[in-house]
Structures are given as structure tokens and as C-alpha cells.
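Trainee: I am new to this structure and would like to go through it step by step. Could we look at it together before I ask my questions?

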Amino acid sequence: MFDIGIAGEINLDLILYGLPAAMPMERELLAADFVTTLGGSSSILAHNLSMLGTSVGFTCAVGRDELGAMALARLRASGVQLVDVHYHASLSTGVTVLLTHGSERRILTYPGTMSELTVENLSLEFLSSLRHFHVSSFFLQKALQPGLPRLFRELKQRGCTLSMDTNDDPDDRWAGVLDELLDLIDLLLPNEAELLCMTREPTVERGLDALAHRVPLIVVKRGARGATIQQGARREDVPGVRVVPVDTIGAGDSFDAGFLHAWLQGASALDATRLGNLAGALSTQRPGGTEAFREPALMRQFLRDHGWNDILPGAPSGTS
Ligand SMILES: Nc1ncnc2c1ncn2[C@@H]1O[C@H](COP(=O)(O)OP(=O)(O)O)[C@@H](O)[C@H]1O
Ligand SMILES: [Mg+2]
């Protein structure tokens, strides 16, 4: 049995630091630093959840190539169980190049196999082994989308709880089966901009008003300000943790990892959000979305220093 099953994309993030914000054509522009790390919202979530101690089953589509093999190896090393991995016959594994300029970044993605996973790739055996099922990057999962309403209904009937973090819609349409899924999930984890887009409302408050009667629990991620919880009629702001970020790549996915780790252990939405804020802040302390979680000593120290033991008994274990 898995605490959680995640279906989504896997790729590497190639991050360049220190490039000029203006990038003229036909010039060689030199970066000050470069990091290759695990990318893909779904993979970052799976990796960090597993490092926190949740048992994770993960399924994805990937190419038969070295970048795919490297990304899968990173997930395996975190303890994530790879299930029903679909090796695509012709497409290569996707890749994201991030050009960071101070706190802002350009994000260039070649999707490759990222959008190729279908519901038919998920075995009944895998689906039957889940307490909870999560979809990240809903809008990137173009082949998965059409099968999701039926899948969500079936899982719900079996007592499996459901959550979603749509991330951005590259087509900026915020449509399709999203509407149907909103009435089926137990938990939605958008950031501020995504909440406004999907509800077509001008403020977070109005956006939450619009969704509160449809989704039992909504947690809006608000960058350094932390997060806002909407649970039924109750709304609560939970301040973020004060840090100086290296970058904020994957902070939202790391927030999801902290939140889900606590929530799946039965913690309250408030305590789960506190751990979400801790995990999001921790991820900013190293490049990319997973590097801070690959240093167990740093992870344990950071979480302890910021009150993990007040939230959940027993800090995460691991070898340092
Ligand atoms: N500069 C920061 N300082 C402290 N915490 C941060 C910072 N940026 C992000 N976080 C944490 O990570 C979470 C997710 O970040 P956010 O940028 O809101 O989401 P996303 O990455 O999905 O856009 C925030 O809710 C917060 O807990
Ligand atoms: Mg996000």
C-alpha cells in the first residue's frame, strides 16, 4: 500500500544563474553558475514527500534516453517507488532550462514525453494500492486529462482521497475537465495567480469565496507571505518562514510535499500548512526544487530549528 500515488511528469531542470536580464541575439552570454537537478512539478513533489517519510508510488511517461534515466535515478534514490512507467517509443524525455535573474526567471520547456501519460497506463493494481491520489501540473497532462473525471470518481468510490495542484496553464485557458474535477477533489493547492485564473476573480478573497462551497479544503500559496487556508466557511492566513532564498524553483511543489506529508498523517489543515510553509522555505535554501531535500542533515536541522517537532512528533530520519 502507498500513502499516496502521483501521476505526472518527470524531467531534468537545467538552471543557469547570473545571466543578464537583457539577452541580445548572436552574443555569447556567460552564466555565473549552472546546476542540473530533478525537475517537473510532479517529480519534485514525489521526491520531497518521500524524503520527508511518506510512502510514494509514482507513475510517468519517459523517453528511452539518458536524461530520462538520470531523472528516474534521482527519484529512486529518494525512495519513491516507480510504478507503471511508460517508456515512449519515439519521443525523448522533456527538459526545462531556467534562466534566473535575481528573483525572476525565464522558463523554457521542451515537453517531450511530459504530456504523454494516459489513464490507460495506470494499472488497476497500482490504483488499488493508494490511500490518496494526486495530480500536479494538470494542464501539462494533456493525454491524462480526458480520463481523469472517470478515474477520480472510481477512486473516490473506493475511499481514496484526491488532491490537485494545477500549476500554470501554458495555453491560459483554464478550461477543459478542470471544472468537473473541482467537484470531486478533497484538496486544492493553487498559488495566488492560479486561483485568480481558474475562478476568473480579481482577488484571492473573491476567488476563495467562489470555490469554498465546491472544494472542502483549499490552501493558497502566497510566496514569502505564506499561505491561506479555506476550509468550509473558515479562512485563515498562515505566515511564511523568513529566509533568504537561493531561488524559489519548486517552492510550491515543496509546500505541497510538506502539506501532504502532515495531512496524510492526520494533522489538521493548520498544522499541515505550517509544515507546507517550512518545506517551501527549505526548498529555497538550495538550487532547484529538490536539492535541499537531498541533504538530510540540512533538512533535519532546518525543520527542527523552525519547529517541526511542535507540528509532528519525530523529525524526519535519514542518513547524513
Ligand atoms: N521567499 C520566500 N520565503 C519564504 N517562503 C517562501 C518563499 N517563496 C516561497 N515560499 C514558500 O513556498 C510556498 C510556495 O511558493 P509560491 O511561490 O507561493 O508557489 P509556486 O511555486 O507554486 O508559485 C509559499 O506558500 C511559502 O510557504
Ligand atoms: Mg506551483
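Trainee: In what order do the four strands of the open sheet lie?

Mentor: Bear in mind that this is a predicted model. The pairing in this open sheet is mixed, and its edges are formed by strand S3 (33-39) and strand S9 (104-110), each of which pairs on one side only. From one strand to the next the twist averages 20 degrees. Read across the sheet, the order of the four strands is S3-S2-S8-S9.

Trainee: Which residue in S9 is the bridge partner of Thr 100?

Mentor: Strand S8, which covers residues 95-101, pairs with S9 in the antiparallel sense, and seven bridges join the two. For Thr 100, the bridge partner in S9 is Arg 105.

Trainee: At about what angle does helix H2 run to S2?

Mentor: Helix H2, made of residues 66-77, lies across strand S2 (11-17) and also across S3 and S8. Its direction relative to S2 is about 95 degrees.

Trainee: Which residues come nearest to ligand 1?

Mentor: The shell around ligand 1 contains eight nonpolar, nine polar and two charged residues, and helix H8 (251-263) and helix H9 (269-283) each supply at least two residues of this shell. Of the 19 residues around the ligand, those that come nearest are Lys 221, Ala 224, Ala 251, Gly 252 and Gly 280.

Trainee: How many of the 15 residues of H9 are buried?

Mentor: From its first C-alpha to its last, H9 reaches 21 Å, close to the 21 Å expected at 1.5 Å a residue. This helix is mostly covered, and the number of its 15 residues that are buried is 13.

Conventions. Residues numbered from 1 in each chain as written. Chains lettered and ligands numbered in written order. Predicted model: local features only at pLDDT ≥ 70, side-chain atom pairs only at ≥ 80, totals over all residues. Pairing = 2+ DSSP bridges. Axes fitted to C-alpha atoms, helices over the stretch in contact; angles between N-to-C directions. Contact = placed C-beta atoms within 7 Å. Near = placed C-beta within 6 Å. Nonpolar A, V, L, I, M, F, W, Y, C, P; charged D, E, K, R; others polar. Expected span 1.5 Å × (residues − 1). Buried ≥ 20, exposed ≤ 12 C-beta atoms within 10 Å, placed from the backbone.
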